[in-house]
Structure formats: C-alpha cells, structure tokens
Amino acid sequence: MSTLHVINKANALPACLSVAGAHDALLLIEDGVYAGTTARSPQRPLYALAADVDARGLNERLGPSVTVISDAEFVQLAVDHQPIVSWR
Amino acid sequence: MIYGLARMIFGIAVHGAPYGSQASASALRFAEAAVAAGHSLHRVFFYHDGVNTANGLMVPPQDDPSPQQGWVTLAERHGIELAVCIAAALKRGLVNEEERNRYGLNAASLHPAFSIVGLGQLIDAIGSSDRFVTFAA
Amino acid sequence: MEIRRILYMLRQPPYATGHAVEALESILVAGVFDQQVSVLFRDDGVWQLLKGQNGGALGVRTIGNVAQALPEYEVKDIYVCAESLAQRGLVVDDLVLTAKVLSQREQLTLISAQHAVVND
C-alpha cells in the first residue's frame, strides 16, 4: 500500500518529496497549504485541506495540480494509504 | 466502487499545543470526520506540547475557543479515551487529583475528561489501530 | 495487541525544543514492548547524534547520550539519511552510535513497509 504524506509547514515539502514514492499521496494542511501556491508535483496526487485553504484566502491561488479536499476526504485518504507520515 | 464500507480503527497522536499550533484543532476535525464516516477511534494520545489541550484551568475567549471542549464532547459521545502522557504532562504542570496529592501541589489542573497514562499506551494505541495519524506541532 | 512495524522519524535538532528528548524517551519505551521499532534520523535530526555534545552547558541532559542508549533498550534498527549527513559535512565517524546509512530510495522503501510512522 502507498504512503500518505501530511505536510503542515510549506518548508517541509522538499524533505518529504525526497523520499515520496511515485504512487504516494501528498496532503497539504495548516501552513503547508502555502506550498500549494507554487508547488508542482507532477506524477503524484497533491491535495490541500479545504478549511486551511479557505481560512488563508488561497482558494484562487493554488496551482492547477492541487486538489482541494474536505475533512471527510482526508479520512478516506487515510483509509486508502498506509503508513501516514507527518512532516513539519 | 462503494466508499465508506471499510470500517477502520484509527489511532491519533496530537503533538502541538492549542494556540501554539493548529495540531489539536486539526486532529479534532479529523477525528470528528472519521467518526462521522463510521470509523472508530479508541484513544487519542496527547504528547509533547499537545498535552496542554488537557489543561482544565483554561479560560478561552468566546471568539477563539480551545479545541478542548470539542474533544470532551466527542469523547463522551463515542467512548473515546483522551490519554495524556504522564511524563510530558507533569513537567508542564498538568496534574490530576492523584498527582496533585503525590507532589503536594496547590491545585489539580487536568480536565477531568482526560486521563494520565504512560508512554506504553501510545504503543498500545498504535498496535490496536488500523491507521495511525500524528498531528505534528 | 498485534506486533507492528513502527518507525520513528526524527528530523528536529536537539536542545532548542523538548521535542528531540521527548521523542527519544518515547522510543526507549517502545523498544521494550514487543514491537518492531526502527528509528530514522534525517534533516536536522542528525545533529542529535553528533559526538562531543555537552548538554551540561545548558543545564540539561546531553541528547547524544540519550540517543546512545537506544540499542540497550532493544532498538537495534537505527538508520541515518545519507544526504542529510552530506549536506551538513558529517560522516558516520562523527556520530555517537552505529547507524545504517540509507539513500533516499532506501528510506522510501523503509517508510512504505511500516504500519505507523511517528514524527518528533
């Protein structure tokens, strides 16, 4: 099963990408969502948590490769992946 | 594909303090969404500054509530254990009645909905869950 | 309780916060339970392993000494990120314990084999 990487600080994204597999999923939460304004993650699914995106006024500022998801979809990502790794 | 059929047991760790981080609030929203989707959650393990979630002497401003009440409500409704690491709690001034007496302190500060446990309970939470999620500081 | 593969991924430098020492304490406890515990030091977490630390200068425990106790607590699978060492001008002889050096690809394999990953 592939890994879910949860990134809660934008500057933790490079470290995460250095060990993320081609089929792993990346989820930006909290201040991690700022990475979604510049990050390109070809090949890998890149998600951002809706509440954190909305709170920060980033709805129109995320790159086209970023998919905004709800808390319920975060739970489903956690069901579909193992392990779940946090990066800060 | 039919979603929602896989019922899982989640374990959650909270590593960041309320106000100092979003960790506790993020974890609470995840926990609420997991339970709403039919998954179960036996224990939430509070570690590092995350133990401050259990401070029973907080007076949160009305427009900036602490996640604490949300945890208490969720735990009561679904029988979830709110476990606070003893080593991390004691040094941050979080004590229940038993620890208050043991150390001769003026007041117990731990919210009664939270329990003080050893680090072994973190390993137990990992060992007895299908998925384990850490909410980092 | 089932036997699980649990990886602790330590990325924080010692001393400025309590995270390094609290994470190490957690691992020492995990080691005595019947679980398959491994530890990966990477990014600024590799500074926790540097020889010559003296926590006494700050009136606190020396983190290198705490880390050094891991093998005594049945934590035998200790890994360190090759790139993180190189970026900081460190070599394995600079470290307080014997750790297996892993490439990024090997870390990917290690992570994907886990039941749970705990960060610091």
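**Strands of chain C and the contacts of chain A**

Six bridges join β1(C) to β2(C), and the two strands run parallel. The model is predicted.

User: Which helix lies between β1(C) and β2(C) in a right-handed β-α-β unit?
Analyst: β1(C) and β2(C) run parallel, with C:R5 opposite C:Q36 in β2(C). The helix that completes the right-handed β-α-β unit with these two strands covers residues 19–32 of chain C and is α1.

User: How many bridges join β2(C) to β3(C)?
Analyst: β2(C) and β3(C) also belong to a right-handed β-α-β unit, with helix α2 (residues 63–68) of chain C. C:L40 stands opposite C:Y79 in β3(C). The strands run parallel, and the bridges between them number four.

User: Which element of chain A helps cover the buried residues of α4(C)?
Analyst: In helix α4 (residues 104–112) of chain C, the buried residues are C:Q107, C:L110, C:I111 and C:S112. Their cover includes strands of chain C, among them β1 (5–10) and β2 (36–41). From chain A, the cover includes β5 (84–87).

User: Which element gives the largest share of the side of chain A that touches chain B?
Analyst: On this interface, 15 residues of chain A are in contact with 18 residues of chain B. β2 (25–31), α3 (71–80) and β5 of chain A each supply at least two residues of that side. The largest share, seven residues, comes from α3(A).

User: How many charged residues are on the side of chain A that touches chain C?
Analyst: Ten residues of chain A are in contact with 13 residues of chain C. α1 (13–18) and β5 of chain A are the elements that give two or more residues to this side. By class, it has four nonpolar residues, five polar and, as for charged, one.

Definitions and conventions:
Residues numbered from 1 in each chain as written. Chains lettered and ligands numbered in written order. Predicted model: local features only at pLDDT ≥ 70, side-chain atom pairs only at ≥ 80, totals over all residues. Buried ≥ 20, exposed ≤ 12 C-beta atoms within 10 Å, placed from the backbone. Contact = placed C-beta atoms within 7 Å. Nonpolar A, V, L, I, M, F, W, Y, C, P; charged D, E, K, R; others polar. Pairing = 2+ DSSP bridges. Right-handed = clockwise from strand over helix to strand, strands pointing away.
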